[in-house]
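Subject: Structure for you to look over

Dear colleague,

Please find below the structure I promised to pass on, followed by an account of what came out of going through it. I would be glad if you could read the notes with the structure open beside them.

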Amino acid sequence: MHVLRNRPVAALIAAEIVSSLGSRITFLALPWFVLVTTGSATRMGIVLAVQMAPIALLGIPSGSLVARLGARRTMQLADLARVPLMCSLPLLHAAGLLTFPLLLAIVFLIGCFVAPFFASQRVILPELVGEDETTVAQANAVIEGATTLTNLLGPVAAGLLIASVGATNALYVDAATFLVSFLTLTLFVPARPPLPQTDDADGVFAGLRFLLRDELLWRIGLAAVFLNLFGSALSAALPVLAFDEFGGSSRIAGALFASLGAGALVGMVLAVRLLPRFRPLRLAAVGIIALPLPLWLLWLDLPLWATMLALFVSTVPQPLVNAPVLGLMTTRSPEALRPKVMTAVLTVAMLAGPVGLALVGPLLETLGTRPVFGIVAAGMTVFALYFASVALRFGPRATIEPRPVLSGS
């Protein structure tokens, strides 16, 4: 893991661990609060969908902000702005002023900073480690590992916090983690001037135009849209599973999410070791086929330990997919265009997330959790096969002539 010897990268990873730990606490605390206070899975799905909606609505325009401010400054802004927003939720709830529409408005504002933050996190990596595709993929794998470590620790911490101080008070912890992340970036990650803009990087939709011209990238992006739709539905179904079938225990809900994190953490270690030995995109093709297979078991009426095991195994291949794909997309994009390309990639990948979250609530109430898991497994299998066919057809270093952009794009 030689990338960890790079001190700015190590600081970036530390900031990611702290910030993501708080976000994972919120990811459980927020829907749990809605379930406890309203008893409605539909309202829970609406809250999660509203939090993700800004990614679809503002993700592409936010690329211009990243290009203008630079990756580091954008991450600092996103962290600092979310501190008072996150604190406002428990404060307003304690004062009896947190109505459901106001909750949706605050959650929407928090979601506005997700796309520029995560795009900046990927854009800054070549600035810190260089332009080699494999090295960038390894750095992405370590970032994935940091995220998945928090996926493991965050839900457990969330379950304990919710049980001890309540779901809304747990949100103060998330606010504090954003502040710590801001300070880490400020003190230990060097400032770089924004990249000079070129003619082909001009315009809000420059990144999207580049994706549309690149046959490999737009095909992968199409698969990512639908894989994210079903993945979001899976995440939203887990708190309901714990609430309905495992005694309404927040600790069990945290344990289910921790199973996902533990599997992905193992996958990160595999990804770092395997990426220098295999072609990155072919490694992703194998990983994506393996990913949905354990999810078919969730359709059955499994005991808790078997459910956790299936979730664990399902996420082991995840870093084998994400790290090569993000490394490819980053290094394949022209440097000046990279902020807009990466925000466009994130937007396209997350586009179906709010739709999946909004739809899964009524499905859970109508069908129950186990049939919804079957739908998720079937949908992810179809698009995993499509993704693998694209990756194997074009290969990791295929040169694709850009397609002409449609007039008016």
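Is Ile162 buried or exposed? Before the answer, please bear in mind that this is a predicted model, and that everything below is computed from it. Ile162, which is found in helix α7 (residues 133-165), has a relative accessible area of 10%, and since buried means under 20%, Ile162 counts as buried. The C-alpha atom of Ile162 is separated by 8.4 Å from that of Arg251, although the two are 89 residues apart along the chain.

A second pair of this kind involves Gly267, whose place is in helix α11 (residues 250-274). Gly267 is buried, because its relative accessibility is 0%, and its C-alpha atom lies 9.3 Å from that of Glu144, a residue 123 positions away along the chain.

Next, the charged pairs. The count comes to four salt bridges, and three of them, as listed here, may be worth following on the screen.

- Asp214 pairs with Arg332, with 2.6 Å between the closest N and O atoms. This pair links distant parts of the chain, as Asp214 sits in the loop between α9 (206-213) and α10 (215-245) while Arg332 belongs to helix α14, 118 residues apart. Asp214 counts as buried because its relative accessibility is 6%.
- Arg219 pairs with Glu215, the closest N and O atoms being 2.9 Å apart. Both residues are in helix α10 and, because they are four residues apart, they are separated by about one helical turn. Arg219 and Glu215 are both buried.
- Glu245 and Arg370 meet through their side chains in a salt bridge of 3.5 Å, N to O. Glu245 lies in helix α10 and Arg370 in helix α17 (residues 369-394), so this pair ties together parts that are 125 residues apart in sequence. The two partners are covered to differing degrees, for Glu245 is partly exposed, with a relative accessible area of 34%, whereas Arg370 is buried, with 8%.

The loop between α14 (318-332) and α15 (338-350) holds Ser333, which is buried, with a relative accessible area of 3%. The side chain of Ser333 reaches the backbone oxygen of Met329 at 2.7 Å.

Helix α4 (residues 71-94) deserves a separate word. Its 24 residues, at 1.5 Å a residue, should span 34 Å, and the end C-alpha atoms are 36 Å apart, which agrees. Within α4 there is nevertheless a kink of about 25 degrees at Ser88, shortly before the proline Pro90. After α4 comes Gly96, whose phi is positive, near 75 degrees.

Finally, what does the surface show? Leu80, Leu179, Leu183, Leu187 and Phe188 form a nonpolar patch there, and together they have about 490 Å² of accessible area. Helix α8 (residues 171-188) gives the most to this patch, with four residues. Phe188, which lies in helix α8, is exposed, because its relative accessible area of 54% is above the 50% cut-off.

With best wishes

Terms used. Residues numbered from 1 in each chain as written. Predicted model: local features only at pLDDT ≥ 70, side-chain atom pairs only at ≥ 80, totals over all residues. Heavy atoms only, no water. Patch = residues over 30% accessible without salt bridge, like charges linked within 9 Å, V, L, I, M, F, W, Y side chains within 5 Å. Areas by Shrake-Rupley, 256 points an atom, 1.4 Å probe, with all protein chains shown as cover. Helix = DSSP H or I, 4+ residues; strand = E, 2+ residues; numbered from the N terminus. Buried < 20%, exposed > 50% of the residue type's maximum accessible area, 1.4 Å probe, protein only. Expected span 1.5 Å × (residues − 1). Bend = angle between axes of the 7 residues up to and from the residue. Polar contact = N/O pair within 3.5 Å; in protein donor to acceptor, adjacent residues only side chain to side chain.
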